[in-house]
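Please open the model in a viewer and keep the sequence panel visible beside it. The tour below proceeds by selection, one stop after another.

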Amino acid sequence: MEIPRWMISTLVFWMLGIGLLAVYGTDFEKLENALDFVGDIGAVLCFAMRDFAIILYFKFSAKPQRTSSVALLYLIILYILLPLLMFSLDLDQLTPLFYPIIDEVQSAPSIIPAFIEAILIWILVVNKWKRSPHYQLA
């Protein structure tokens with residue numbers, strides 16, 4: 001009863017992602033670039049966790065009436081506006097900061113920025129959750 005529902009959702013999400021890696025990632029003979037496949041799945045998991053954390057961050061605000069709209073605005077900025085800015089400035093090597101899978105860039109190194117972004121936003125979420133009225137300790 002004391003565990004927040006979002007924490008259970010997060011754990012289920014990670015178990016499904018690890019299960020996907022276990023089922024499809026173990027048959028490396030069929031995959032041409034097994035490391036790229038694992039990197040792709042890892043990057044997708046990290047970006048999804050970052051996006052989930054962004055939504056949660058705004059849900060823990062003092063006035064949560066428009067949190068979905070604000071989170072959607074931030075996701076549009078992260079997935080559309082900033083990558084378009086990078087493309088227009090010919091900084092294509094920075095696209096792994098915004099997209100989980102890029103054809104021109106090896107996908108295994110693209111997991112590093114996604115992991116760092118996910119960790120940073122989750123630190124913010126946990127800190128905001130502890131300050132919110134939803135936080136309870138047994």
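## First stop: a loop residue

Select alanine 62, which is found in the loop between α2 (residues 34-59) and α3 (residues 67-88). The model is a predicted one. With a relative accessible area of 82%, alanine 62 is exposed. Next, add serine 132 to the selection: 70 residues separate alanine 62 from serine 132 in sequence, yet their C-alpha atoms are 7.8 Å apart in space.

## The whole chain

Now display the entire protein as a cartoon. Four helices and zero strands are present, and from the N terminus on the elements run α-α-α-α. The protein has 138 residues, of which 33% count as buried. If a surface is drawn, its accessible area comes to about 9400 Å², and 69% of that belongs to carbon and sulfur atoms. Among contacts between residues at least 6 apart in sequence, 65% join residues at least 24 apart.

## Helix α4

Select residues 111-131, which form helix α4. How far apart are its end C-alpha atoms? They are 30 Å apart, which agrees with the 30 Å that 21 residues should span at 1.5 Å a residue.

Colour the buried residues of α4 next: Pro113, Ala114, Ala118, Ile121, Trp122, Val125, Lys128 and Trp129. Then turn the view to look down the axis of α4; the buried residues fall within an arc of 160°, so they line one face of the helix. On the other side of α4, select Ile112, Leu120 and Arg131, which are exposed.

## Arginine 50 and its partners

Move to arginine 50, found in helix α2. Is this residue buried or exposed? Arginine 50 is buried, because its relative accessible area is 3% and the cut-off for buried is under 20%.

Show what surrounds the side chain. Leaving aside neighbours within four places in sequence, arginine 50 is in contact with Leu78, Tyr79, Leu97, Glu117, Ala118 and Ile121.

Side chains of opposite charge can pair when their charged atoms come close. Two salt bridges are counted in this model. Which residues form them with arginine 50? One partner is aspartate 51, where the closest N and O atoms are 3.0 Å apart. Aspartate 51 is itself buried, with a relative accessible area of 13%. The other partner is glutamate 117, with the closest N and O atoms 2.6 Å apart. This second pair links distant parts of the chain, since glutamate 117 lies in helix α4 and arginine 50 in helix α2, 67 residues apart. Select Arg50, Asp51 and Glu117 together to view the network of salt bridges that links them.

## The largest nonpolar core

Hide the charged side chains and turn to the largest nonpolar core, which has 18 residues. Which of its residues touch the most other members? They are Trp6, Ile54, Leu56, Phe60, Trp122 and Val125. Helices α2, α3 and α4 each supply at least two residues of this core, and the largest share, seven residues, comes from α2. Two of the residues just selected, Trp122 and Val125, were also among the buried residues of α4.

## Proline 83

Proceed to proline 83, which lies in helix α3. Proline 83 counts as buried, at 1% relative accessibility. Not counting residues up to four places away in sequence, proline 83 touches Ile77, Leu78, Phe98 and Tyr99. Leu78 has appeared before, as one of the contacts of arginine 50. Add threonine 95 as well: it is twelve residues from proline 83 in sequence and 6.3 Å away in space, C-alpha to C-alpha.

## Final stop: aspartate 90

End at aspartate 90, in the loop between α3 and α4. Is aspartate 90 buried or exposed? At 62% relative accessibility, aspartate 90 counts as exposed. Inspect its backbone too: aspartate 90 has a positive phi of about 55° although it is not a glycine.

Notes. Residues numbered from 1 in each chain as written. Predicted model: local features only at pLDDT ≥ 70, side-chain atom pairs only at ≥ 80, totals over all residues. Heavy atoms only, no water. Buried < 20%, exposed > 50% of the residue type's maximum accessible area, 1.4 Å probe, protein only. Expected span 1.5 Å × (residues − 1). Arc of directions from axis to C-beta. Salt bridge = Lys/Arg side-chain N within 4 Å of Asp/Glu carboxyl O. Core = buried A, V, L, I, M, F, W, Y, C linked by side-chain atoms within 4.5 Å. Contact = heavy atoms within 4.5 Å. Areas by Shrake-Rupley, 256 points an atom, 1.4 Å probe, with all protein chains shown as cover.
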